[in-house]
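Welcome! Here are a few short exercises to work through with the structure in view. Try each one yourself before reading its solution.

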Amino acid sequence: MKMGKTGGTITANGIYMRRDTTRENEAATRVELAAQVPEGWHMLYVLNDA
C-alpha cells in the first residue's frame, strides 16, 4: 500500500486465493504434520496440546 505525494490517493495491491474447505490433521512432530499438507494447500496454524 502506498499513498500519493499529494496525500489524496491511496493505491493498494493484494494477492488472495480462494479457500473452499479446511482439514484438520494430527501428528507427533511438526515435520510429520507438514508432510501431510497436500500439494497446493497451505497450513493455516498449528496448535500444540503438550
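Accessible areas come from the Shrake-Rupley method with a 1.4 Å probe, and for residues only the protein chains shown count as cover. The model is predicted, so local features need pLDDT of at least 70 and side-chain atom pairs count only at pLDDT 80 or more, while totals for chains, interfaces and linings use all residues. Residues are numbered from 1 along each chain as its sequence is written, and side-chain values use heavy atoms, with hydrogens and water left out.

**Exercise 1. Describe the surface of the chain and its burial.**

Step one: the chain exposes about 5400 Å², and carbon and sulfur atoms supply 51% of that area.
Step two: buried means under 20% relative accessible area, exposed over 50%, and partly exposed in between (1.4 Å probe, protein chains only). Of the 50 residues, 2% count as buried.

**Exercise 2. Find the order of the secondary structure elements.**

Step one: helices (H or I, at least four residues) and strands (E, at least two) are DSSP runs, numbered from the N terminus.
Step two: the chain has 1 helix and 2 strands, and from the N terminus on they run β-β-α.

**Exercise 3. Place Arg23 and work out what it lies over.**

Step one: Arg23 sits in the loop between strand 2 (10–11) and helix 1 (30–35).
Step two: Arg23 counts as partly exposed because its relative accessibility is 48%.
Step three: a charge sits over a ring if NZ of Lys or CZ of Arg is within 6 Å of the ring centre and within 35 degrees of the ring normal. Arg23 lies over the face of Trp41, at 5.4 Å from the ring centre.
Step four: along the chain, Arg23 and Trp41 are 18 residues apart, and their C-alpha atoms are separated by 9.9 Å.

**Exercise 4. Compare the settings of Arg19 and Val37.**

Step one: Arg19 lies in the loop between strand 2 and helix 1, whereas Val37 belongs to the segment after helix 1.
Step two: Arg19 counts as exposed because its relative accessibility is 51%. Val37 has a relative accessible area of 27%, so Val37 is partly exposed.
Step three: the C-alpha atoms of Arg19 and Trp41 are separated by 9.0 Å, with the two residues 22 apart along the chain. For Val37 and Arg23, 14 residues apart along the chain, the C-alpha separation is 9.4 Å.
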